[in-house]
There are 2 protein chains.
Amino acid sequence: MASSSSLTLSQAIFSPSLPRHGSSSSSSPSLSFSTFSGLKSTPFTSSHRRILPSTTVTKQQFTVRASAAVETLEKTDAAIVEKSVNTIRFLAIDAVEKANSGHPGLPMGCAPMGHILYDEVMKYNPKNPYWFNRDRFVLSAGHGCMLQYALLHLAGYDSVQEDDLKSFRQWGSRIPGHPENFETPGVEVTTGPLGQGIANAVGLAVAEKHLAARFNKPDAEIVDHYTYVILGDGCQMEGISNEVCSLAGHWGLGKLIAFYDDNHISIDGDTEIAFTEDVSARFESLGWHVIWVKNGNTGYDEIRAAIKEAKAVKDKPTMIKITTTIGFGSPNKANSYSVHGSALGAKEVEATRNNLGWPYEPFHVPEDVKSHWSRHTPEGAALETEWNAKFAEYEKKYAEEAADLKSIITGELPAGWEKALPTYTPESPADATRNLSQQNLNALAKVLPGFLGGSADLASSNMTLLKMFGDFQKNTPEERNLRFGVREHGMGAICNGIALHSPGLIPYCATFFVFTDYMRGAMRISALSEAGVIYVMTHDSIGLGEDGPTHQPIEHLASFRAMPNILMFRPADGNETAGAYKVAVLKRKTPSILALSRQKLPQLAGTSIEGAAKGGYIVSDNSSGNKPDVILIGTGSELEIAVKAAEELKKEGKTVRVVSFVCWELYDEQSAEYKESVLPSSVTARVSIEAGSTFGWQKFVGDKGKAIGIDRFGASAPADKIYKEFGITAEAVVAAAKQVS
Amino acid sequence: MASSSSLTLSQAIFSPSLPRHGSSSSSSPSLSFSTFSGLKSTPFTSSHRRILPSTTVTKQQFTVRASAAVETLEKTDAAIVEKSVNTIRFLAIDAVEKANSGHPGLPMGCAPMGHILYDEVMKYNPKNPYWFNRDRFVLSAGHGCMLQYALLHLAGYDSVQEDDLKSFRQWGSRIPGHPENFETPGVEVTTGPLGQGIANAVGLAVAEKHLAARFNKPDAEIVDHYTYVILGDGCQMEGISNEVCSLAGHWGLGKLIAFYDDNHISIDGDTEIAFTEDVSARFESLGWHVIWVKNGNTGYDEIRAAIKEAKAVKDKPTMIKITTTIGFGSPNKANSYSVHGSALGAKEVEATRNNLGWPYEPFHVPEDVKSHWSRHTPEGAALETEWNAKFAEYEKKYAEEAADLKSIITGELPAGWEKALPTYTPESPADATRNLSQQNLNALAKVLPGFLGGSADLASSNMTLLKMFGDFQKNTPEERNLRFGVREHGMGAICNGIALHSPGLIPYCATFFVFTDYMRGAMRISALSEAGVIYVMTHDSIGLGEDGPTHQPIEHLASFRAMPNILMFRPADGNETAGAYKVAVLKRKTPSILALSRQKLPQLAGTSIEGAAKGGYIVSDNSSGNKPDVILIGTGSELEIAVKAAEELKKEGKTVRVVSFVCWELYDEQSAEYKESVLPSSVTARVSIEAGSTFGWQKFVGDKGKAIGIDRFGASAPADKIYKEFGITAEAVVAAAKQVS
């Protein structure tokens, strides 16, 4: 068998369709392609990748339907395709069987589309999974991860070798139970929690559209790749997927191509029990182009034609609804929930081997399949080399743009960027930290080429508009203000996609702090998948006043302090806000949350960017010898209260230290020595004040200290009144300080 | 002006439409109603409520469109309607103006539909807001709460009097900044966080459909009311609303009628910037009946006709898209975001008064408007009286059903229900607490008439099926297993609606514990709005094993322990699971979360329902005098580890107390004396072990104790291996115990 049996596309178009195992479609070439396509999105042709010449395409020409089409993007001998597809199926079956854990059903059903994507359609370099201009693939139905691992293995990625397949879901394995970008190079994002992947894919496509619009030139299409995603019924049911697909339609993300694995089975059985909506009609209402491939099990040409059609529709994202059989090939378990999430069992594995005519040992990749896939290594290297040459040309002609793009690609921040951060003195005007945040955002956008973001319909409340830029919209994708609408969960997950597209893309997103409850699923994935998203969360306490308890965060600070790998900042004034932004920008593998006030706060003496970057630091102290009578600890808007209480106590002759705890996680990272210098163990008289749950504060105030906070829901009233009624006052701090010291 | 100028419906149908202020619709009576309606949903006629005779209705007869219809459900003199509508507008304007805070735009735009609902359509008794068979109204766009407060005021609810309107959004007011059921009788649920209200409304409609199917008899339609909801563009963008509307369509909730206030404005400006989908087409794809009222500002008859049409469609929920002008009447601010969320300002209030011809002082309700609305007090009382008589009849004929329904209506639990809870001895077989939970769920469903619930497509993993019941579906709504699909957020909010429908409805819902991140918005509203939902959350730690860190909760226990008014249970075995359920059922105003294991756990000696109900209690102790050498504290699956470690330490001659901390919140409620008996202050040698974040544990282990836990993300591997690698072992407890004692 030849290692590259591709026909040229022009041949393929006019050849009759090749015989296919089990195909039920009757297809004949009956379409004219005289005005068709222009895959201007595929500018590099390697010896095995032939494309049609680029021509202008208008919308109404795309009447070709998948079921009637026969052209192939890349036609290979049908037998090797079938064999490759079965290899994918059995690698999944075998790995799940060995682990006695996992989800064989999806890989068995989706192997055909997976094969076509990785073998025929996608541009990638297996030896450099991070090559910038690669096509992105997201398995939103992450439980089917063995599909992606099998594909990465066949494609030649070093991250998934035979030993890895044999250690699926085991301690120390490089291929965990769901796709994790931080474990497996070649995996773009972290999926498993349903709906996250399609949202990430929207973010990846936003990044591509934005960068292409900003950096491409008439003579240099330097940014040009697709985002492919497979999602299942579970993803479709999740609200987040409707949020992001509504945005994808609104933004006209033409290079986003989603495969909806329509297999009618979810964990509880047939989707009929809970999911009877018309998904295709819904996507049309959201502004998507929709194609239905009725035979996703063996209809290879239909799949190819659908992808071709999808690529040709440039002003809309495309959903290819592709009807498959979950567990295809398993004679007794296919098309049932029993094949979704458990190993088939030795007997059924055997039956499936017989049914699909698969005589090989577990984990075996037949030589002809290996040989067939082996071309992707040189091809991928060639693609990258060509792109590098193209980029070198680009750099010569467009030095400034190239420098910006390079910074985005590498994640290397422009020298001296941090000098743009504003600083403040106690004489600077009092202001809400949400306003101070906006000063920082606008300062950073001037110096960081990859800085972009927006709000969930609260830009004017969150103060997140970048004043020098317009809105990222369908026809102005070069702009940097994203308008997410009231879609918090989708917003967070889209930002994860943007952040993971390129190391130098630094997305921020915003809503009221209390509505992190709506987006916590995405925020946890930011933390887990090392996506350095900046969460700008205003209206951070009862200080927002009249909107009342539905809008007033109480437990939110504690809830994020307990979450791994996320920085929870609560800055007290301008300097601390700038300090929080400095760290947030630097920490590209750790997301940051900034809890910001709606109400005005004074610029305090003793605050600093450097202090804030340590997480906890001394703001003022009138003692000597590291032994004050009492330590008062505040965060955010309550640091002012601690300072006022300290003034009172000093008047009474006490020595008082005021400590700002702007970010617990950063403080935890400091040396024991530093910590002892801030919170000496000998001083047990400690009082903390924070307009939020006291949960967790005992860690810093200790057994003998006192935490002042709010362990009930808020109330609807002017902010000052609530503070007073809830006892978040300097008087309460003074009283507590006397009690504990 | 007459206090009741209603025409009979038969008159109204054949009268020409009355002149209306500013109406732009040209409507003429051109429809035949010979086979129409049958408002069998309005069985009680008072002197002012006339209805058409009930006839059989078939689907194809409902071709009447709102724009063409002129019939009214309840026709009153047009001038008084207009005056009433303007009263609503100005009550909202004046209250927001006085508070200098709030959202006047929605009430000004939605006053016409609000008027028609409360004055002409809805059944309620203002003097008993809790009358069981009332129609339910939900303002999903909760920021527009002044609309609802104005309506409750006019309708005669004692909860909203003139003084209340004047104290809008002030400390101690009965009418807070967003609608809160626990503050304002007449408000059914708590809204403000967008999308929650429409989801609650789906829950209310589920409750009605279920109870009607279970309790109605051919000769006694004892359960029969509608759920009305107003939602805006913001609600529509939220993913949760798509989740629940997909379910509402699937379930065919014909008595759910949603008004989509299509005003094209959200906080960031025109909805065009982020929301260009075709909402009506989306709802049709979800299985809804959709009607468009093009003139929601003055098209009263169109609104009436739409409601009539909606009521006639019995197999689908209806969305009435009703195009309005936000801030209608304000000459300079209408139709702009500036009228959304701030007071108009004195000058614009004046201009609006002039524009709408409103000569009255702030907060004035004209006498004729007052007089017009005054009929609702006697009418409402009559409705309830009639229903009570009907129920008395029902009780005579159907004693058993009546007893069940009474329990649901009153919330009084059947005597001795708690005897149904299973108990266990150390000899009972080891089992996963998710399985033990299922035993409890099935035991409770037998004795609690209002117990129902389900899972977000994980019934077979969460073990939540009630075996003696079938599925609640469109055509089997009398059943009690709810199939939510993969829609966690919607599930939680639907359960809030069910719980708040009737005190004796006890909904439970289930998913993996980690996916509380998807539904936290709804869970917080459970806690705030005192909806006693039971959250059955399985796969509660790294103990789930191979699915890996995306599925392994770490910070979730801490994050809920920090939330007010919610009980976070982590039972260790069968007795503790039963104890958790006992409390969860009893606490009707506090939601409960049960974190349950996937893996088998032994039945431990010393555990009990009574102990669990105290939150923290001694499981074993070989010391005397309340002074053990060391106290080991465990929860859930780690209590077993604490017990094993204690055995080791005892072998070495130590006195050891083992304490189970199944629910921190319940422990906090115990007396100081009890707490001292469990955790004596003199014993500082304390070690806690829990397979989750250590955040917050210092509260119980103290400065000198040690908390063993997991402060990183999990890993994909068999559970035993992860426990060992993460140091969640008896050996680690023994070592720590030696270190601290």
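This is a short talk on a predicted model with chains A and B, covering the pairing of the copies, one nonpolar core and a few residues of chain A.

I'll start with the two copies. Chain A can be laid on chain B by a turn of 180° and a shift of 0.0 Å along the axis, and the RMSD is 0.0 Å. The copies are thus related as by a two-fold rotation axis. Both use the same surface: 100% of the contact residues of chain A recur in chain B.

Next, the core. The largest nonpolar core has 98 residues. Which of them touch the most other members? They are Leu632 and Ile728, in chain A and in chain B alike. Take Ile728(B): beyond four places in sequence, its contacts include Ile542(B), Ile641(B), Ile689(B), Ile708(B) and Ile710(B). Glu638(B) and Glu690(B) are also among the residues that Ile728(B) touches. As background, nonpolar side chains in soluble globular proteins tend to be buried together.

Now the annotated positions. An unreviewed UniProt entry lists, under "binding site", His143(A), Gly192(A), Pro193(A), Leu194(A), Gly234(A), Asn263(A), His340(A) and Phe515(A). These positions span 373 residues of sequence and are spread in space too, with up to 34.1 Å between C-alpha atoms.

Two of the listed residues are worth a look. His143(A) sits in the loop between β1 (136–139) and α4 (145–155). His340(A) is in the loop between β7 (318–323) and α11 (346–356). Are they buried or exposed? His143(A) has 15% relative accessibility, so it counts as buried. His340(A) is buried as well, because its relative accessible area is 13%, under the 20% limit.

The two histidines are in contact with each other. His143(A) also contacts His103(A), Leu106(A), His178(A) and Leu194(A), sequence neighbours within four places left aside. On the other side of the pair, the residues that His340(A) touches include His103(A), Gly102(A), Pro104(A), Ile267(A) and Ile326(A).

Last, Asn297(A). Where is Asn297(A) in the chain? It lies in the loop between β6 (289–293) and α10 (300–312). At 11% relative accessibility, Asn297(A) counts as buried. Its contacts beyond four places in sequence are Arg89(A), Gly109(A), Pro112(A), Thr323(A), Thr324(A), Thr325(A) and Phe328(A). With Thr325(A) there is a polar contact, side chain to side chain, at 2.8 Å. For scale, the C-alpha atoms of Asn297(A) and Lys675(A) are 61 Å apart, and 378 residues separate the two in sequence.

Notes:
Residues numbered from 1 in each chain as written. Chains lettered and ligands numbered in written order. Predicted model: local features only at pLDDT ≥ 70, side-chain atom pairs only at ≥ 80, totals over all residues. Heavy atoms only, no water. Least-squares fit on C-alpha atoms with pLDDT ≥ 70 in both. Contact = heavy atoms within 4.5 Å. Helix = DSSP H or I, 4+ residues; strand = E, 2+ residues; numbered from the N terminus. Buried < 20%, exposed > 50% of the residue type's maximum accessible area, 1.4 Å probe, protein only. Polar contact = N/O pair within 3.5 Å; in protein donor to acceptor, adjacent residues only side chain to side chain. Core = buried A, V, L, I, M, F, W, Y, C linked by side-chain atoms within 4.5 Å. UniProt positions renumbered as here; feature names shortened; annotations may be inferred.
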